[in-house]
Amino acid sequence: MKVYFDNAATTAMDDRVIEAMLPFMRSHFGNPSSVHSHGREVRNAIEKSRKKVAELLNATPSEIFFTSGGTEADNTALVCGVETHGITHAISSPIEHHAVLHTLEVLEKKGKIKLSLLDVNSKGEIDHGQLEKLLKANPNSLVSLMQANNEIGNLNDLEKIGGLVKEYGAFFHSDTVQTMGHYSHDLKNLSVDAIVAGGHKFHGPKGSGFLFVRKDKKIHPFIHGGAQERNMRGGTENVIGIIGIAKALELAYEDMASHQAHIEKIKAHFIEKLSQEIPGVEFNGLSADLGKSLYTVLNVSLPPSEANRGMLLFNLDLEGISASGGSACSSGATVGSHVLRALNHNPERDSVRFSFSRFNTVEEVDYTVEKLKELYAVEA
């Protein structure tokens, strides 16, 4: 049996997304900046996609900018947000994605900002009181806190954080890569200035993304060149990626409630089976709390095992099960997860992130738990 439980890293493309993209690979090949008919038909398709994304998010088309993915969108919001609005202080957390953390660290190294990282407890929860103190002491800050952690699934309350940030006049950016397409976003009524998306996290194409920037918090461009994306991102547009991400988001919104119910059932079953079958199993962060975590992510801490130490993902792969040890963006690195380190996770225990999509089944959960039982039976 082949099981794919690494959907937080990337998802399988929906066939309907591929069908929407195909004409723009074959016959609709014009450059959208060209004024002739070949160019105009492609330009029209891009603007229809922009309008569709804006409608789904309750934003205006002028607030949506297409990018190469979530990382570029994060970099644009942070670097250009700081430069445009004369920001000299940023507030974030030690468990943000490296697209955010590394960008802010580089800005600090260059002397552009002073960076303050919020404390997190052993479950990965931030301290809202500390956030307010920092905002009070540092007017005109930039706050960057993700909506859901990509490794442990912890959800942040964007409404609560947004209200606090607005009260102190700060710029609020949130990395929403893991929640886009899985939760609805009403941007006219959410106090956030910039959010991001990567199409391949919700059954769209890799190399596609977008950035939302509120119209009263406009920023300078990050990539210079042509006048594409309303002078916000130079370079010929990734037309097939734009068509694909808009279609993927449309499909996600069409069936969001049923997809969530299906995936939550899988996650709840996984938690129950692991708790029953693997003595000493624990769950990292809030990932086992269905009300406080991303429903697509479960981060499992397994009992110490000499036979599996450092080899768990390899052993699972031999059984046809694809999962991750933390953030997929660091899967080739020798260092462990910065998120689990921030939680003071026991290094003697191997951790594995299982992440789900609407294409997964309960039978795949049962198979995975059975294989984990076999792997840990050696020392049971």
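The following legends describe close-up views of a predicted model.

**View 1. Packing of helix 3 against helix 9.**
Helix 3 spans residues 37-57 and helix 9 spans residues 239-254. Their axes come within 9 Å and cross at roughly 30°. Angles under 35 degrees count as roughly parallel, and helix 3 and helix 9 are therefore roughly parallel to each other. The crossing of these two helices is left-handed. On the side of helix 3, the contact is made by Val42, Ala45, Ile46, Ser49, Lys52, Val53, Leu56 and Leu57. These meet Val239, Ile242, Ile243, Ala246, Leu249, Glu250 and Tyr253 in helix 9. By residue type, the contact of helix 3 with helix 9 comprises 12 nonpolar residues, one polar and two charged.

**View 2. Surroundings of leucine 56.**
Leucine 56 is a residue of helix 3. Leaving aside neighbours within four places in sequence, leucine 56 is in contact with His185, Leu249, Glu250 and Tyr253. Of these partners, Leu249, Glu250 and Tyr253 are among the helix 9 residues that helix 3 meets. Leucine 56 and tyrosine 253 are 197 residues apart along the chain, and their C-alpha atoms are separated by 7.4 Å.

**View 3. The aromatic pair of phenylalanine 5 and phenylalanine 354.**
The structure holds six aromatic pairs. In one of them, phenylalanine 5 and phenylalanine 354 are arranged edge-to-face, at 6.1 Å centre to centre and with 85° between the planes. The pair links distant parts of the chain, with the two positions 349 residues apart in numbering. Phenylalanine 5 belongs to the loop between strand 1 (3-4) and helix 1 (15-21), whereas phenylalanine 354 belongs to strand 12 (residues 351-355). Both phenylalanine 5 and phenylalanine 354 are buried.

**View 4. The aromatic pair of phenylalanine 5 and phenylalanine 356.**
Phenylalanine 5 also pairs with phenylalanine 356: the ring centres are 5.3 Å apart and the planes stand at 85°, so this pair is edge-to-face. Here too, distant parts of the chain are linked, the two residues being 351 residues apart. Phenylalanine 356 is located in the loop between strand 12 and helix 13 (362-377). Buried means under 20% relative accessible area; phenylalanine 5, at 0% relative accessibility, therefore counts as buried. Phenylalanine 356 has a relative accessible area of 2% and is likewise buried.

**View 5. The phenylalanine cluster and threonine 368.**
Phe5, Phe270, Phe354 and Phe356 are linked into a cluster by ring pairs. Threonine 368, in helix 13, touches part of this cluster: its contacts include Phe5, Phe270 and Phe354. Val3 and Ile321 are also in contact with threonine 368, when neighbours within four places in sequence are left aside. The relative accessible area of threonine 368 is 0%, so the residue is buried.

**View 6. Surroundings of valine 17.**
Valine 17 lies in helix 1. Its relative accessibility is 0%, so valine 17 counts as buried. Outside its neighbours within four places in sequence, valine 17 is in contact with His203, Gly204 and Pro205, and with Gly244, Lys247, Ala248 and Leu251. The C-alpha atoms of valine 17 and asparagine 44 are separated by 18 Å, with the two residues 27 residues apart along the chain.

Note on methods. Residues numbered from 1 in each chain as written. Predicted model: local features only at pLDDT ≥ 70, side-chain atom pairs only at ≥ 80, totals over all residues. Heavy atoms only, no water. Axes fitted to C-alpha atoms, helices over the stretch in contact; angles between N-to-C directions. Helix = DSSP H or I, 4+ residues; strand = E, 2+ residues; numbered from the N terminus. Parallel < 35°, antiparallel > 145°, perpendicular 65-115°, else oblique. Left-handed = near helix turned anticlockwise from the far one by under 90°. Contact = heavy atoms within 4.5 Å. Nonpolar A, V, L, I, M, F, W, Y, C, P; charged D, E, K, R; others polar. Phe/Tyr/Trp six-rings, centres within 6.5 Å; stacked < 30°, edge-to-face > 60°. Buried < 20%, exposed > 50% of the residue type's maximum accessible area, 1.4 Å probe, protein only.
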